Amino acid sequence: MMHYKTRGTCSTAIDLEIEGGKITACRFTNGCRGNTDGLSRLVVGQDAREVMNRLRGVQCRGGTSCPDQLSRAIETYLSQQQHK
C-alpha cells in the first residue's frame with residue numbers, strides 16, 4: 001500500500017494499492033467525504049492506467065482536484081513499481 005500526500009486539495013492523502021494493473025484499494029484522508037468515498041468505490045477493480053488517464057486534469061480549485069490527485073498517485077505508484 002502506498003501513502004500519497006496530496007497537494008492543493010481538501011483531501012490530504014490517498015492510500016492506494018494496485019495489483020496486476022488493477023486498483024485493489026483506494027482511500028482518501030479528509031476531503032468531501034461523499035465525493036472521495038464515491039470516487040474510491042468507482043475506481044476499485046478498474047484498470048489503473050485507464051483511471052489515471054481519465055482523471056488527469058480534472059479541476060476543482062487551484063488547478064487540481066481529488067480526481068486529478070488520484071491520477072498523480074497512480075502515476076507515482078506505477079513508476080515506483082517499475083523501479084523495483
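This briefing describes helix H3 and its surroundings, the two largest pockets, and several individual residues. The structure is a predicted model. Helix H3 covers residues 66–82, and the cover over its buried residues includes three strands, S1, S2 and S3, together with helices H1 and H2. The largest pocket holds about 210 Å³ of space, and the second largest holds about 160 Å³.

**Helix H3**

- H3 has 17 residues, for which a rise of 1.5 Å a residue predicts a span of 24 Å; the C-alpha atoms at its ends are 24 Å apart, so the model agrees with the expected span.
- The buried residues of H3 are Cys-66, Pro-67, Asp-68, Gln-69, Leu-70, Ser-71, Ala-73, Ile-74, Tyr-77 and Leu-78.
- Among the elements that cover these buried residues are strand S1 (2–5), strand S2 (11–19), strand S3 (22–30), helix H1 (33–43) and helix H2.
- The N-terminal end of H3 is capped by Ser-65, which places a side-chain oxygen 3.1 Å from the backbone nitrogen of Asp-68.

**The loop between H2 and H3**

- Thr-64 belongs to the loop that runs between helix H2 (48–55) and helix H3 (66–82).
- Thr-64 has a relative accessibility of 5% and therefore counts as buried, the cut-off being under 20%.
- Residues up to four places away in sequence aside, Thr-64 touches Arg-7, Gly-8, Thr-9, Val-58, Gln-59, Gln-69 and Arg-72.
- Cys-60 also lies in the loop between H2 and H3.
- The relative accessibility of Cys-60 is 61%, which is over the 50% cut-off, so Cys-60 counts as exposed.
- Between Cys-60 and Gly-31, which are 29 residues apart along the chain, the C-alpha separation is 12 Å.

**Largest pocket**

- The lining of the largest pocket, which encloses about 210 Å³, comprises 13 residues.
- Of these lining residues, Cys-32, Asn-35, Cys-60, Ser-65 and Cys-66 lie nearest the centre of the pocket.
- H1 and H3 are the elements that contribute two or more residues to this lining.
- The greatest contribution to the lining of the largest pocket comes from H1, with three residues.
- By class, the lining of the largest pocket consists of six nonpolar residues, six polar residues and one charged residue.
- Two residues named above recur here: Ser-65, the N-terminal cap of H3, and Cys-60, from the loop between H2 and H3.

**Second largest pocket**

- About 160 Å³ of space is found in the second largest pocket.
- Its lining is formed by Leu-39, Leu-42, Val-43, Gln-46, Glu-50, Val-51, Arg-54 and Leu-55.
- H1 and H2 each provide at least two residues of the lining of the second largest pocket, and H2 gives the most, with four.
- This lining contains five nonpolar residues, one polar residue and two charged residues.

**Strands S1 and S2**

- Met-2 is located in strand S1 and, at 8% relative accessibility, counts as buried.
- Met-2 and Thr-76 are separated by 74 residues in sequence, while their C-alpha atoms are 9.2 Å apart in space.
- Neighbours within four places in sequence aside, Met-2 is in contact with Ile-14, Asp-15, Leu-16, Ala-73, Thr-76, Tyr-77 and Gln-80.
- Asp-15 is located in strand S2.
- Asp-15 has a relative accessible area of 15%, which is under 20%, and is therefore buried.
- The side chain of Asp-15 makes a polar contact of 2.5 Å with the side chain of His-3.
- Neighbours within four places in sequence aside, the contacts of Asp-15 are Met-1, Met-2, His-3, Ala-25, Cys-26 and Arg-27.

**Backbone of Asn-30**

- Most residues other than glycine have a negative phi.
- Asn-30, although not a glycine, has a positive phi of about 65°.
- Asn-30 is placed in strand S3 and is partly exposed, with a relative accessible area of 49%.

**Arg-49 in helix H2**

- Arg-49 is situated in helix H2 and is partly exposed at 43% relative accessibility.
- Neighbours within four places in sequence aside, Arg-49 is in contact with Leu-78 and Gln-82.
- Arg-49 and Thr-64 are 15 residues apart along the chain, and their C-alpha atoms are separated by 19 Å.

Technical notes: Residues are numbered from 1 along each chain as its sequence is written. This is a predicted model: local features need pLDDT of at least 70, side-chain atom pairs count only at pLDDT 80 or more; totals for chains, interfaces and linings use all residues. Side-chain values use heavy atoms; hydrogens and water are left out. Buried means under 20% relative accessible area, exposed over 50%, partly exposed in between (1.4 Å probe, protein chains only). Contact means heavy atoms within 4.5 Å. The expected span of a helix is 1.5 Å times one less than its number of residues. A polar contact is a pair of N or O atoms within 3.5 Å; within protein, one must be able to donate a hydrogen and the other to accept it, and residues adjacent in sequence count only if both atoms are side-chain atoms. On a 1 Å grid over the protein atoms alone, a cavity is a set of points where a 1.4 Å probe fits but cannot get out, and a pocket is an open set with protein on both sides within 12 Å along at least five of seven lines; lining residues have an atom within 4 Å of a point. Grid points are joined across faces, edges and corners, and a volume is the space filled by probe spheres set on the points. Ala, Val, Leu, Ile, Met, Phe, Trp, Tyr, Cys and Pro count as nonpolar, Asp, Glu, Lys and Arg as charged, and the others, Gly among them, as polar.
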